[in-house]
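Student: Please take me through one part of this protein in close detail. Start with the contacts of a single residue and build outward to the sheet around it.

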Amino acid sequence: LLLLLLLALLALIFLYFLIFYPGRVPFAPRKPVEFLFSIYGLNRPLGVSTDKDNNIYVSDTGNERVLVFDSGGDYVRRIGTEKKPTKLFAVYGSVVDDKNGRIYIADWTFRVIHVFNLKGKFLYRFPKASFGPNYGLLGFTPYDIDLYKGKMYITSNDGILVFSPKGKFLQRWGQKGREIGFYDFPNGLVI
């Protein structure tokens, strides 16, 4: 009984601080959050990546572009233009390959991976055909990308697809479904 009364007292003290001192719970850390920088004008930024020079690549999905900022938040350049072949439609994830000097950008509307050099020059895109047995019933719809040991892992509607950095299909993991071992629109990946 004494233990229950003690727990109730602690709960009342917690509620008191929560009501009369909002944002200042007695158990919260006292160290303030350090403001680094803010980026304005982004519309649904869904992915971020960095390179060895600490540049930040932001997939600005709603504005159909990837923006590059330095580590202090200053604008460096834009990747992708309004015209083909460098037009981006719905960029989701991106990953920087410092070893090969490439940035791979997943475009789920155009159903390709765009490949640019780190200065923003368009190099190529893959796959050439986004439907086929390798990609599942819904076709190739890339959301996120990661690199590991010379292979590119890409989430798509029906599973995880593995490619070489040059865009050669290597294998597919899983298929569409909700059971264990299946995928239902996987949209994030970290290796």
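Tutor: Start at S94. Beyond its neighbours within four places in sequence, S94 is in contact (heavy atoms within 4.5 Å) with V48, S49, Y57, S59, I103, Y104, I105 and D144. This is a predicted model, in which local features need pLDDT of at least 70, side-chain atom pairs count only at pLDDT 80 or more, and totals for chains, interfaces and linings use all residues. Residues are numbered from 1 along each chain as its sequence is written, and side-chain values use heavy atoms, with hydrogens and water left out.

S94 sits in strand β5, residues 91–97. Strands (E, at least two residues) and helices (H or I, at least four) are DSSP runs, numbered from the N terminus. S94 counts as buried because its relative accessibility is 5%. The cut-offs: buried is under 20% relative accessible area, exposed is over 50%, and partly exposed lies in between, with a 1.4 Å probe and protein chains only.

Now the sheet. It is open, has 4 strands in the order β5-β6-β7-β8, and its pairing is antiparallel. Two strands pair if DSSP finds at least two bridges between them. β5 and β8 are the edge strands, each pairing on one side only. On average, neighbouring strands are turned by 20° against each other, direction ignored. That angle uses axes fitted as lines to C-alpha atoms, for helices over the stretch in contact; angles run from 0 to 180 degrees between N-to-C directions.

Between β6 and β7 there is a loop that holds R111. R111 is not a glycine, yet its phi is positive, at about 65°. R111 counts as partly exposed because its relative accessible area is 22%.

Next, β7 and β8. β8 spans residues 122–126, and the two strands pair in the antiparallel sense over 4 bridges. They form a hairpin with 4 residues between them. G120 in the turn has a positive phi of about 100°. Two facing positions are worth finding: F116 stands opposite F122 in β8, and H114 stands opposite R125 in β8. After β8 comes P127, in the loop between β8 and β9 (145–148). The peptide bond from F126 to P127 is cis, with omega near -5°.

Now the packing. A nonpolar core is a set of buried Ala, Val, Leu, Ile, Met, Phe, Trp, Tyr and Cys residues joined through side-chain atoms within 4.5 Å. The largest one has 13 residues, and those with the most contacts inside it are Y104, I113, F126, I145, I154 and F163. β6 (102–107), β7 (112–117), β10 (151–156) and β11 (159–163) each give two or more residues to this core. Apart from it lies another core, of 12 residues, including V68, V91, L118 and F122. Y104 brings us back to the start: it is one of the residues in contact with S94.

Last, the rings. The structure holds 11 aromatic pairs. Rings of Phe, Tyr and Trp (its six-membered ring) pair if their centres lie within 6.5 Å; planes under 30 degrees apart count as stacked, over 60 as edge-to-face and the rest as tilted. Y153 and W173 form a tilted pair, 5.4 Å centre to centre with 50° between the planes. Y153 lies in strand β10 and W173 in strand β12 (residues 169–173), so this pair ties together parts 20 residues apart in sequence. Y153 is buried at 9% relative accessibility, whereas W173 is partly exposed at 35%. F126 also belongs to one aromatic cluster with Y124, Y135, F140, F163 and F169.
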